[in-house]
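Good morning, and thank you for making room for this on the agenda. Please bring up the sequence and the structure, and we will walk through them together.

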Amino acid sequence: MTIGTFILKNALRNKRRATLSVLSVAVSLFLLVTLLVALRELTVPAEGEGAALRVIVRSKISIANPLPARQRPIIERIPGVEAVSPFSWFGGQFKNEEATTFGQFAVDPKTFKTVFVEGKIDPEQYKQFETDRQACLMGKITAEKYKFKVGDRISLASTIYPCTLEFKIVGLYSGSVDDRNMFFNEKYLNESVGDLGQVGTWWVKVRSAEDMPNVISAINQAFANTSAEVRAESERAFQLSFISMMGNIKLFIGSICTVVVFTLILVAASTMSMAIRERFRELAVLKALGFRRRELFAFILAESFGLAMLGALIGVGGAYCLYTFGNISKMTNGFFIVAEVTPKILGTGFLVAASLGIIASIAPAIAVARMSVVSGLKTLD
């Protein structure tokens with residue numbers, strides 16, 4: 001019998017316990033990877049190809065406060081600004097849904113395409129979007145979910161504005177980070193509610209990355225000490241400001257991860273101690289035959305490490321396959337668009353498993369090292 005076969009037979013002697021041990025490691029590491037992926041998606045939101053050159057301008061007081069439409073020509077005259085489009089949240093409710101899963105934004109069709117460069121839209125469809133006041137562009141994901149197609153008409157009742165608008169879908173866009181939203185002509189909204197002279201936010205396209213700091217600073221200074229002070233920031237900073245409203249997500253998820261790992265170590269150490277205690281007599285025989293302490297420790301470590309790594313393969317590998325090849329948007333009802341299991345997260349999962357295998361073997365190894373041959377032979381008499 002080879003050493004490998006000997007270790008394998010010992011690990012699988014109690015098949016039920018071995019199976020439960022592997023599954024407990026797999027489930028715990030699956031949960032750990034899930035939490036790490038969620039933390040990454042929340043704190044490092046995905047960006048489109050044009051995000052690096054976009055500046056979002058919102059009210060300095062609150063994003064819920066509208067901005068005056070008269071700010072637009074001032075922003076357009078700032079050096080480094082290529083295009084400006086309003087982005088006003090419509091807050092429409094589709095049919096009887098309590099929470100509509102796609103956002104609707106009133107934009108300027110003439111400059112929208114310049115600002116929203118990553119969206120792939122058919123040129124003919126975009127021409128209709130520019131000319132028809134009731135026209136709207138629908139994201140591919142939303143169109144597939146609701147079975148929308150070009151030419152369909154939909155009605156949305158706004159929860160913000162006192163109106164219900166009917167839209168005609170003239171085109172579908174895809175290729176962006178979030179292919180779920182709907183965009184329509186701001187003039188249609190103004191005509192329906194009366195021109196309020198207000199917008200939700202301004203989305204600004206900057207000519208180059210070098211112009212970004214100057215443009216942001218110039219926009220903030222242009223409206224400083226006015227009745228409508230603004231906060232201009234990069235799209236990434238704008239996204240992170242929403243996440244900050246949820247509190248200290250890193251601390252919350254980090255605490256859960258710590259509890260998961262700590263509990264897993266306790267369970268694994270207890271299981272290994274139980275398995276080794278049942279074999280004290282056999283280990284005493286091995287001692288009597290001349291096996292040294294480090295060799296016995298190697299047997300215990302190999303068994304513990306092997307079970308932990310097998311659990312890691314199932315748990316971490318399962319999480320990787322699920323989030324890489326599964327439809328995360330559908331699984332989370334649109335909360336997450338993507339869920340990337342990065343090499344760092346994979347490495348963390350396997351590192352935890354390796355550490356678990358080592359730590360769980362320490363207490364049993366110490367017990368075996370202190371055990372005399374005589375006391376070991378008497379253990380199960």
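Before any residue is named, one term has to be settled: a residue is called buried when its relative accessible area is under 20%, exposed when that area is over 50%, and partly exposed in between, using a 1.4 Å probe and counting protein chains only. What you see is a predicted model, in which local features need a pLDDT of at least 70 and side-chain atom pairs count only at pLDDT 80 or more, while totals for chains, interfaces and linings use all residues. Residues are numbered from 1 along each chain as its sequence is written, and side-chain values use heavy atoms, with hydrogens and water left out.

Let me begin with the chain as a whole. It has 381 residues, of which 45% count as buried, and it contains 15 helices and 12 strands, where helices (H or I, at least four residues) and strands (E, at least two) are DSSP runs numbered from the N terminus. When I speak of a contact, I mean heavy atoms within 4.5 Å. Among the contacts in the chain with a separation of 6 or more, 79% are between residues 24 or more positions apart.

Now to single residues, starting with K205, whose place is in strand β11. Is K205 buried or exposed? With a relative accessible area of 9%, K205 is buried. Leaving aside neighbours within four places in sequence, the residues in contact with K205 are L53, G80, V81, E82, A83, T114, V115 and V117.

A second example is G92, which is found in strand β4, residues 92-94, and which counts as buried at 8% relative accessibility. Not counting residues up to four places away in sequence, G92 touches T100, Q104, L156, A157 and S158. The C-alpha atom of G92 is also separated by 7.9 Å from that of I160, although the two residues are 68 apart along the chain.

P66, in the loop between β1 and β2, counts as partly exposed, with 42% relative accessibility. Once its neighbours within four places in sequence are left aside, P66 is in contact with Q198 and V199. Between P66 and V199 there are 5.5 Å from C-alpha to C-alpha, with 133 residues separating them along the chain.

Let us turn to helices, and first to α8, residues 212-222, where M212, V215, I216 and I219 are buried. Why do they sit on the same side of α8? They cover an arc of only 100° around the axis, which puts them on the same side; the arc is that of the directions from the helix axis to the C-beta atoms. In general, an α-helix has 3.6 residues a turn, so residues three or four places apart point the same way. The face of α8 turned away from the buried side carries the exposed residues P213, N214 and Q221. Among the elements that cover the buried residues of α8 are β1, α3, β3, β11 and β12.

Helix α7, residues 186-193, can be read in a similar manner, with E186, Y188 and L189 buried. Seen down the axis, the buried residues of α7 fall within an arc of 160°, so they line one face of the helix. They pack against α3, β3, β5, β8 and β9.

Next comes the largest nonpolar core, a nonpolar core being a set of buried Ala, Val, Leu, Ile, Met, Phe, Trp, Tyr and Cys residues joined through side-chain atoms within 4.5 Å. This core has 32 residues, and L29, V33 and I253 touch the most other members. Helices α2, α10, α12 and α14 each supply at least two residues of the core, and the largest share, 10 residues, comes from α2. L29 touches L264, A312, V316, G349, V352 and A353, not counting residues up to four places away in sequence. Apart from this core lies another, of 20 residues, among them F102, Y161, C163 and Y188.

I will close with empty space. A cavity is a set of points, on a 1 Å grid over the protein atoms alone, where a 1.4 Å probe fits but cannot get out, and lining residues have an atom within 4 Å of a point. Grid points are joined across faces, edges and corners, and a volume is the space filled by probe spheres set on the points. How many cavities of 30 Å³ or more does the structure hold? It holds 1, and about 120 Å³ of space lies in the largest cavity. Of the 13 residues lining this cavity, S21, V25, A268, M272 and L307 are the closest to its centre.

Definitions and conventions: 1 Å grid on protein atoms, 1.4 Å probe; cavity = no way out; pocket = protein on both sides within 12 Å on 5 of 7 lines; lining within 4 Å.
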